[in-house]
Amino acid sequence: MVDGGSKSANYFFSSYVENDSVIWFGNRGLGAFRFNIQTEQYASYRFDKQTNNQILNDVFAIAKNEDGYWFGTSFGLVRLHNHEITIFNETHGFPNNTVHSILPGAKNELWLSTNQGVIRFNTQQLTFQTLREYHETAVTEFSDGAYYLDEKTGNMLFGGINGFLTIQENDSRQPDYMPGIQFTDLTIFGKEYNIYDFFNERKKRPTLELNYSQNFFAVSFTAIDYINGNDYTWLYKLDELSDTWVESGKTGTAVFTNISPGNYTLSVKYKNNITGEESLIHSLRISILPPLVPDNCCLYGLFYTGIVLHIYCFSSDP
């Protein structure tokens, strides 16, 4: 018994037999417990130390493979590997945080049932694909521990609140398709504009041209893929300011604040979470214009610091 037999501390929702001596138990609120049936000793594992999110300790499912131990919780999928904890949830593109069950599949894959469909998770590449049904009788919200593998047929069954779903793996592979990237929208200080109204076509290549007072802006982009588009992770960087790619998840938007006048290159790409492949990089030139020199200036000077233009005006007015 946990915590002296306290009723609130002894809600166990799942179990997993690791070997002849060790059984894991998933607790509602206190994490996972590794119990040795030979010695009757146990060790507890809590997962909220990194995020201080208590619902990470609601454990509904447990599994293990060569890539670590895996726990389905109220706040996503938790990986325990080499004493390190990694969390995968809506922040990384999961359709929902609650993982009701974990069913190991072929080729280091885990099948996860959630409140918004089933996830096929690759434990080596740490990529995933979301599977949803799109009809009136669709089963989308699944139930705790309601899963089964039929070893004769290979069918996987997941029980939900209005029926059950059957999935069968096969060896077919869809052809690789990596559509091109298009820049679609522009937002300046939270207000949406037609991005094409700000392109300067007179230069050698189309350039998004903004003045110095419009330097709080966001640029949106997309790749037209009606089948796997929801399984893309977007990344971007402003080449002149950083070599580090910024991950924006499933949201194809790059946000910039207080950008100094100058010329920049916005580079964008996406990763297909099913295959792990990355797209070609697509670039957009961005020009932030400096302030105009006032008419009453009789003498002015300018110089460059990197890519920033500095203008000094010496007025003839007393």
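N115 is buried in the predicted model, with a relative accessible area of 18%. This value counts as buried because the cut-off is under 20% relative accessible area. N115 lies in a loop, the one that links strand 10 (109–114) to strand 11 (117–122). Its side chain makes a polar contact of 2.6 Å with the side chain of H100. When residues up to four places away in sequence are left out, N115 touches N96, T98, H100, T140, E141 and F142. H100 is thus named both as a polar partner of the N115 side chain and among the residues that N115 touches.

R79, in strand 7 (residues 76–81), is also a buried residue. No salt bridge is formed by R79. The nearest side chain of opposite charge is that of D67, at 4.9 Å; a salt bridge is not assigned because the criterion requires a side-chain nitrogen of Lys or Arg within 4 Å of a carboxyl oxygen of Asp or Glu. The backbone of D67 does meet the R79 side chain: the backbone oxygen of D67 lies 2.9 Å from a polar atom of that side chain. Not counting residues up to four places away in sequence, the residues touched by R79 are D67, Y69, W70, E84, I85, T86, F88 and L126.

An open sheet is formed by six strands, in the order 18-19-25-24-21-22, with mixed pairing. Strand 18 (199–200) and strand 22 are the edge strands, and each pairs on one side only. Within the sheet, strand 21 and strand 24 (residues 262–272) run antiparallel and are joined by seven bridges. One position in this part of the sheet is T233, which stands opposite K271 in strand 24. Strands of a sheet pair through backbone hydrogen bonds, in either a parallel or an antiparallel manner.

D239 is located in the loop between strand 21 (232–238) and strand 22 (246–249). D239 counts as partly exposed because its relative accessibility is 27%, and the partly exposed class runs between the buried limit of 20% and the exposed limit of 50%. Outside its neighbours within four places in sequence, D239 is in contact with T265 and S267. With S267 there is a polar contact between side chains, at 2.9 Å. D239 and L266 are separated by 27 residues in sequence, while the C-alpha to C-alpha distance between them is 6.4 Å.

Key: Residues numbered from 1 in each chain as written. Predicted model: local features only at pLDDT ≥ 70, side-chain atom pairs only at ≥ 80, totals over all residues. Heavy atoms only, no water. Helix = DSSP H or I, 4+ residues; strand = E, 2+ residues; numbered from the N terminus. Buried < 20%, exposed > 50% of the residue type's maximum accessible area, 1.4 Å probe, protein only. Contact = heavy atoms within 4.5 Å. Polar contact = N/O pair within 3.5 Å; in protein donor to acceptor, adjacent residues only side chain to side chain. Pairing = 2+ DSSP bridges. Lys, Arg positive; Asp, Glu negative; His and termini not counted.
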